[in-house]
Structures are given as C-alpha cells and as structure tokens.
Amino acid sequence: MPAHTRAIFVGAAVAAVAAGSAALGPDVAGAAKKHTHHVTIKGTDFASYRFAPKKLTIKKGQTVHWSWNSNASHNVTFSATKHSATASQVTDFKLKFKKKGTFAYSCTVHGFTGKIVVD
Ligand SMILES: [Cu+2]
C-alpha cells in the first residue's frame, strides 16, 4: 500500500495521547491558534471518502483529534506503530505533535490521504 509507506517517516515525531472521553467540540479545522484541532472523514463511497480537512496546519505542541461515523471502516495511519483502529466509527483518536514538519497519513483501507503541517 503506497499510501501507507509514505507515512513511515513520521516515527517518534508524533506521540500517542491516551484516549480520553471528553466530548469533541465544534470543528476547529484551520484555526491554528486553537490548541486542539479536529479532522473527520467525509464521503459515502470509495470515490468520495476523504479526510476533512485534508491538510491541517497547527503549532508545535498542539493535538489533533480524529473522529468519524461512516458507512465503511477507515483508519488514520501515520506508520506501523502510529495509527488508529480500523472501524466505521471512531470517536476520538488523537495525537500530539511535538516536532515541526509535515506529517502525511492515510486511510490504508481506501488509500485517501491527509497531511498535518506543524509549524
Ligand atoms: Cu477509508
């Protein structure tokens, strides 16, 4: 799966954060001044599934939350060791980004991709 191997370099730059139970707030995509950011998965079929937003720019030390409720199973995969569960509903997969850089990820089920830019 080429989309998966592209994300391998991320390595230790992202750190898993213990899953919490806090309710997600409104979509704060693109609001770089916020400390947490939210990405979801939209679409209804193979051709339309996508991360929204596809590219998100954040500041070092901020956390990105992914959640979705879809008609198919998806995942968020940065590397073999940094990834979410594969499920049609994920309520709060989150990662804290401790280093600057551009971190690509994908859903390895469908191959669509996303990108977190940490500046
Ligand atoms: Cu998918």
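In β6, F93 is the bridge partner of W66, and this pair is a good place to start walking through the predicted model. The strands behind the pairing are β5 and β6, which run antiparallel and are joined by seven bridges. If you trace the two strands in the viewer, β5 covers residues 63-74 and β6 covers residues 87-97.

Now turn to another pairing made by β5. Here the partner is β2, and the two strands run parallel, with four bridges joining them. A handy landmark is H38, which stands opposite H65 in β5. So much for the pairings; let us step back to the chain that holds them.

The chain has one helix and eight strands. Reading from the N terminus, the helix comes ahead of the strands, in the order α-β-β-β-β-β-β-β-β. Contacts between residues distant in sequence are well represented: among contacts with a separation of 6 or more, 63% are between residues 24 or more positions apart.

What about the interior? Of the 119 residues in the chain, 29% are buried. The largest nonpolar core has 20 residues, and the members that touch the most others are I58, V64, W66, F97, F103 and I116. You will recognise W66 from the pairing with F93 in β6. Six strands each supply at least two residues of this core: β2 (36-42), β4 (55-58), β5 (63-74), β6 (87-97), β7 (101-106) and β8 (113-118). Among the contributors, β6 gives the most, with four residues.

Two loops deserve a stop before you leave. The loop between β3 (50-52) and β4 contains P53. Look at the peptide bond that joins A52 and P53: this bond is cis, with omega at about 0°. As background, most peptide bonds are trans.

The other loop lies between β6 and β7, and K99 is found there. Is K99 buried, partly exposed or exposed? Being buried takes 20 or more other C-beta atoms within 10 Å, while 12 or fewer would make a residue exposed. K99 has 14 C-beta neighbours inside 10 Å, so K99 counts as partly exposed. To see where this loop residue sits relative to a later part of the chain, find V118: K99 and V118 are 19 residues apart in sequence, and their C-alpha atoms are 7.0 Å apart in space. V118 falls within β8 (113-118), one of the strands that supply at least two residues of the core.

How values were computed
Residues are numbered from 1 along each chain as its sequence is written. This is a predicted model: local features need pLDDT of at least 70, side-chain atom pairs count only at pLDDT 80 or more; totals for chains, interfaces and linings use all residues. A nonpolar core is a set of buried Ala, Val, Leu, Ile, Met, Phe, Trp, Tyr and Cys residues joined through C-beta atoms within 7 Å. Two residues are in contact if their C-beta atoms, placed from the backbone, lie within 7 Å. Two strands pair if DSSP finds at least two bridges between them.
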